[in-house]
Each structure stands twice: as structure tokens, then as C-alpha cells.
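Colleague: I have a model open and would like to go through it with you. Can we take the helix packing and then a few single residues?

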Amino acid sequence: MLFDVIRSLTAGQHVDVWAVLAQVISVVFVILCILPLHEFAHGWVANKLGDPTAKLEGRLTLNPLASVDPMGAVALILFGFGWAKPVPVNSRYFKNPKRDMAITALAGPVSNLLAALVGAILVVLMEVFSPYNAFTAFLFNVLSYYVVVNISLAVFNLIPMPPLDGSRIVGAFLSDRALSTYYRYQNVFVMIMFLLLLSGAMSGPLYTVQSFFYRIIMSLAEAPFRLFGLL
């Protein structure tokens, strides 16, 4: 994201201003609309599974003021990964705490993938029906980046390290003792994760998984149009 742009500028490389603007617009939209949706999904599923904590604390809302974390938003703009204020979840309300916590955690990344699918459908609609001009080309870039950012957020949150959603999904398959140890060293895992991300060591594996989901999302978005011979 902008960190790469800054690095390119300091290296004297050319930067496409319109492409950067498209990235910024798509990321700001994600921060204001999709990160709140991600957290809402956690709270809504938790509530359906018996935990009213998010509802009682007023977090079952799409209002960005309730969910946006300034540091997480800046990280998303700079590095392409970020976070929101987590919705409170109390596993003591769940009938099956490990399983229901995993389902609640999974709801967030699923919401990002569904949001990406909506964006992908709009991208295909533009490919099929919109005339080509400077404005539609710019809008196409905004939507394309929007799809990529949502998929990136979904994959990032599925990393099995605390406090990301992936850790709670993995927790469903761990013993109580292993789970306790897992969360005891949460701060250590967070430091390791950020070092790996900033060093670029995780770029390859993350890109592979993101590309896998991107192909699936785009195939689903294109399927109805291919069925009617529009693609």
C-alpha cells in the first residue's frame, strides 16, 4: 500500500498517482464500511449462539465510530493489513465454547470474502456493460483494489496467531491446556507476527493464499455471465 509507494518514491521510481488514489479510496471505504461489517458479523453470530455481550454494549452496529481503531486504520493504509476494535465476546454464554468461538471468529473473514464477491460482481458488470473512458477505468481500479483488500483482510485474519480470528478457529481443535498455553504467550506471538510481516517473510505464503481466494471469487462472479455467453 502507501508504504510501497513511499519506498518507490524514495528510490526515484515512477508512481501512478491515479492508481495510488484508487487504492486510497478503496482502503478508506473498507475502513469505514467493511471493518465495521467484519466486527458486526462477529457480534451477530455470537448473539445468535447465545452471547448477548456485543448487543448489550452497543456493538451490534455498522457505525464506524464504534469499530474503527486509529492504529489499525493507519496500518491498513500503509501496509495493506489492519484491524478494528474487536467486538466483545464472552464464551461462557456458549453451549459449546470452543466450537462456538471458532464459528464466531470465522464470521469475520467470511464477511470480508462476501464483500469481495459483491465487489467482484460489480467489476464483471463494468467489464461487460460499461463504456471505456477515464472515469470508468478509474472506478474499475477502485473496485478491483476493493476486492483485493477484502481478500487480503480475510486471509490476514485467518493467520492462526493470537489475537487474530485464525487463532480462535485453531483453538477449537486444541486441548484446554494447549489453548491456555497458546494464549499465555499471546504478546510473543503478536511480536513474531509483526516481525514476519514487516520483514516480508510471510509475503509469499500470504500471496499464494490470497491468489487462491481471488481466483475462486472471480470465478463465482463471472459464472452467471459466462452462463449467458456475456464473457
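Modeller: What follows covers helix pairs, the nonpolar core and some individual residues, and the model is a predicted one.

Colleague: Start with α2 and α7. At what angle do they pack, and how far apart are their axes?

Modeller: Helix α2, residues 17-48, packs on helix α7, residues 134-157, at an angle of about 50°. Their axes are 8 Å apart. That angle makes α2 oblique to α7, because angles between 35 and 65 degrees fall outside the parallel and perpendicular ranges.

Colleague: Is that crossing left-handed or right-handed?

Modeller: The crossing of α2 and α7 is right-handed.

Colleague: And what classes of residue make up the contact?

Modeller: The contact of α2 with α7 has 16 nonpolar residues and six polar ones, with no charged residues.

Colleague: Pick something on α2 that faces this way. Where does S26 sit, and is it buried or exposed?

Modeller: S26 is in helix α2. It counts as buried, because its relative accessibility is 1% and the cut-off for buried is under 20%.

Colleague: What does S26 touch?

Modeller: Leaving out residues up to four places away in sequence, S26 touches V142, Y145, Y146 and V149. Those numbers fall within the 134-157 range of α7.

Colleague: How far is S26 from V190?

Modeller: Their C-alpha atoms are separated by 27 Å, and the two residues are 164 apart along the chain.

Colleague: Now α2 with α5. What is the geometry there?

Modeller: α2 and α5 pack at about 145°, and their axes are 10 Å apart. The crossing of α2 and α5 is right-handed.

Colleague: Which residues make that contact?

Modeller: From α2 they are V27, V30, I31 and L35, and from α5 they are A73, L76 and I77. By class, the contact of α2 with α5 has seven nonpolar residues, with no polar and no charged ones.

Colleague: V30 is in that list. What else does V30 touch?

Modeller: Not counting residues up to four places away in sequence, V30 touches L35, P36, L76, Y146, V149, N150 and L153.

Colleague: On to the core. How many residues does the largest nonpolar core have?

Modeller: The largest nonpolar core has 36 residues. Those with the most contacts inside it are V30, L76, V147, I151, F156, I159 and L197.

Colleague: Which helices supply it?

Modeller: α2, α5 (70-79), α6 (97-129), α7, α10 (186-199) and α11 (203-227) each supply at least two residues of this core. α7 gives the most, with nine residues.

Colleague: Next, α6 and α11. How do they pack?

Modeller: They pack at about 50°, with axes 9 Å apart. α6 and α11 are therefore oblique to each other. Their crossing is right-handed.

Colleague: Which residues are involved?

Modeller: α6 contributes L113, A116, L117, A120, I121, V123, V124, L125, V128 and F129. α11 contributes F213, I217, M218, L220, A221, E222 and F225. By class, the contact of α6 with α11 has 16 nonpolar residues, no polar residues and one charged residue.

Colleague: Different topic, loops. Where is D69, and what does it touch?

Modeller: D69 lies in the loop between α4 (64-67) and α5. Setting aside residues up to four places away in sequence, D69 touches W83, A84 and K85. The C-alpha atoms of D69 and A134 are separated by 34 Å, and these residues are 65 apart along the chain.

Colleague: And P86, is that buried or exposed?

Modeller: P86 counts as exposed, because its relative accessibility is 62% and the cut-off for exposed is over 50%. P86 lies in the loop between α5 and α6.

Colleague: What are its contacts?

Modeller: P86 touches E39 and R59, not counting residues up to four places away in sequence. The C-alpha atoms of P86 and R59 are separated by 9.4 Å, with the residues 27 apart along the chain.

Colleague: Last one, I192. Which helix is it in, and what is its relative accessible area?

Modeller: I192 is in helix α10. I192 is partly exposed, with a relative accessible area of 37%. The C-alpha atoms of I192 and P205, 13 residues apart along the chain, are separated by 16 Å.

Methods:
Residues numbered from 1 in each chain as written. Predicted model: local features only at pLDDT ≥ 70, side-chain atom pairs only at ≥ 80, totals over all residues. Heavy atoms only, no water. Axes fitted to C-alpha atoms, helices over the stretch in contact; angles between N-to-C directions. Helix = DSSP H or I, 4+ residues; strand = E, 2+ residues; numbered from the N terminus. Parallel < 35°, antiparallel > 145°, perpendicular 65-115°, else oblique. Left-handed = near helix turned anticlockwise from the far one by under 90°. Nonpolar A, V, L, I, M, F, W, Y, C, P; charged D, E, K, R; others polar. Core = buried A, V, L, I, M, F, W, Y, C linked by side-chain atoms within 4.5 Å. Buried < 20%, exposed > 50% of the residue type's maximum accessible area, 1.4 Å probe, protein only. Contact = heavy atoms within 4.5 Å.
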